[in-house]
Each structure stands twice: as C-alpha cells, then as structure tokens.
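Subject: Structure handover

Hi,

Here is the structure I promised. Please open it first, then read my notes below.

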Amino acid sequence: MAMIKNIIYSFNKYKFLLTQLVSRDFKVKYKRSVLGILWSLLYPVLTMTVMALVFTNMFNMRTPGVNYLVYLMSGLVMFNYFSEASNLAMSSIVANFSLINKVYMPKYIFPLSKCLFVGINFLLTLIPLYALIFITGTGVNIYHLLLPFVFLCLFMFTLGFGFILAAVSVFLRDMFYIYGVVITLWTYMTPIMYSFSMISEEIQWIFKLNPLYWFIKFARDIILYNQVPALNVWIYSFICGFGFLVLGAFIFKKNQDKFIYYV
C-alpha cells in the first residue's frame with residue numbers, strides 16, 4: 001500500500017515530467033506520419049475489418065442475438081490497450097536508462113507514462129467503437145456510465161502487469177522475445193473473436209482465470225446485452241485490477257535499486 005501512496009505522491013510531484021514523457025511518446029510515434037493521430041482511430045477499424053472478414057467468411061463465426069462487429073470491436077479495443085501498454089511498459093526502464101542515470105526521478109514513472117500514453121489512444125479508439133454502435137443500431141443505454149469502472153480496472157491491471165514486465169526485462173532481456181509469444185497465446189485465450197459459449201463447459205474455468213475475460217465481459221454486458229454486470233463480474237474485475245497493481249508495485253519496488261547494475 002505504501003508503494004501505491006508513493007505513486008500518487010510522485011504523480012503530483014512529477015506530473016510535469018510525466019506530461020513531458022507522454023508528450024514525447026506522441027511525438028515519436030507520429031513523427032513523419034501523414035495521418036498522425038488519426039491512426040489511433042483507423043487502426044482498430046482496419047484490424048476489426050480484417051478479422052471480421054476472416055472469421056465470418058472462413059470460419060462462419062457468429063454471435064447469436066448481438067452484432068458480431070460490435071462484439072469483435074468491443075473486445076479488440078480493450079485487448080489492444082493491454083497489449084500495447086504492457087509491451088511499452090516492459091521496455092520503459094531499459095529504454096530510458098540514460099535519463100535515469102543522469103537525473104533522480106522515481107523509476108516507476110516510466111511504466112506509468114507508457115500506460116497513460118496508450119490510455120489516451122485507448123480513449124480515442126472509443127470514438128470508432130461508438131460510431132459502430134450507432135451505425136449497427138446496437139444503441140446506447142444509461143448503463144454505459146458504468147464503463148469507466150472497468151476501464152479503471154483494466155488500467156490498474158495493465159500498470160501492475162507492466163511493473164512486473166519492466167522489472168523482469170531488466171534482468172532477463174529474453175523477456176522481450178518471450179512476451180511476444182505470450183501475448184499471441186493470450187490473444188487466442190481471450191474470447192475476442194469467438195463467443196465464450198463455444199468453449200466446452202469442462203474447460204471454461206481455465207478461460208475464466210484470464211483477467212481480461214472479466215474486463216471484456218463487463219463491457220460487453222453493458223454494450224451488447226444492455227444489462228448491469230453481475231456482482232461477481234464487478235468483484236473479479238476489481239480484484240484483478242487492484243490486486244495486480246499492488247503485486248506489480250511490490251515487485252517493482254523490491255527490485256528497482258538493482259536496476260542500475262543490469263541495465
């Protein structure tokens with residue numbers, strides 16, 4: 001808990017530096033790009049289009065009772081946030097070692113800045129998602145006001161997981177390659193392209209161990225099924241988010257003083 005308080009304190013104390021780091025990431029990402037930030041809107045749409053063409057035509061994928069495009073897009077935007085933010089957080093310490101070596105600053109500000117940077121892009125991806133919701137006639141209801149809760153849980157989980165990856169990658173550079181395989185497997189273990197009901201009941205419990213399952217389910221219950229998520233979905237989402245944040249902060253703090261000897 002002390003680490004969480006330190007993060008909040010550092011967020012206030014170093015918010016100017018944090019703003020500069022996030023701003024730098026935007027400049028680097030969209031440097032020499034013709035469309036610039038519009039890619040944040042186009043990327044999920046293009047990804048959804050390709051995946052929809054493949055899974056609806058080749059595998060005849062359907063989600064009875066709901067629009068498949070909205071089903072697919074709602075899962076993609078959340079998983080893409082986790083995938084991109086965790087990847088950037090993982091390399092944040094190694095990539096900024098020259099800066100860490102010159103000026104004192106809390107080291108966990110680097111994974112935090114990456115998660116915030118991708119978080120801004122995530123908010124932009126909600127624009128094409130809601131455009132699709134209106135175009136397909138899925139509609140919006142009052143329950144959509146509950147979505148910030150699961151977005152916060154997703155952010156906490158991603159940040160906590162990013163802390164763990166950032167710490168491990170300092171000591172084990174192979175993690176950059178290993179995680180690429182892990183995230184690919186994680187994609188297929190998360191019901192993004194397919195319906196959870198397609199999974200055999202005997203092994204559904206395995207998929208429920210995936211925190212992203214609960215985050216995506218929370219969002220889909222509201223967006224697709226016009227209902228408030230069940231109490232257990234609220235509880236599991238919060239436990240996964242806050243629990244990983246505490247765990248990741250603990251692991252990061254325990255090892256951060258050793259970073260200088262390995263980077």
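In helix H2, Leu 18, Leu 21, Val 22, Asp 25 and Phe 26 are buried (under 20% relative accessible area, 1.4 Å probe, protein chains only). Seen down the axis of H2, these buried residues fall within an arc of 140°, so they line one face of the helix. The arc is taken from the directions from the helix axis to the C-beta atoms. On the other side of H2, Phe 16, Lys 27 and Val 28 are exposed (over 50%).

This is a predicted model: local features need pLDDT of at least 70, side-chain atom pairs count only at pLDDT 80 or more, and totals for chains, interfaces and linings use all residues. Residues are numbered from 1 along each chain as its sequence is written, and side-chain values use heavy atoms, with hydrogens and water left out.

Next, the salt bridge (a side-chain nitrogen of Lys or Arg within 4 Å of a carboxyl oxygen of Asp or Glu). The count comes to 1. Lys 217 and Asp 221 form a salt bridge at 3.6 Å, N to O. They sit 4 residues apart in helix H10 (residues 211-223), so about one helical turn separates them. Asp 221 is buried, at 5% relative accessibility. Lys 217 is partly exposed (between the buried and exposed cut-offs of 20% and 50%), at 27%.

Last, the surface. Phe 171, Leu 172, Ile 178, Val 182, Ile 260, Tyr 261 and Tyr 262 make a nonpolar patch of about 680 Å². Patch residues have over 30% relative accessible area and no salt bridge, with nonpolar side chains joined within 5 Å. Ile 260 is partly exposed at 47%.

Best wishes

How values were computed:
Patches are made of residues with over 30% relative accessible area and no salt bridge: like charges are joined within 9 Å, nonpolar side chains (Val, Leu, Ile, Met, Phe, Trp, Tyr) within 5 Å. Accessible areas come from the Shrake-Rupley method with a 1.4 Å probe; for residues, only the protein chains shown count as cover. Helices (H or I, at least four residues) and strands (E, at least two) are DSSP runs, numbered from the N terminus.
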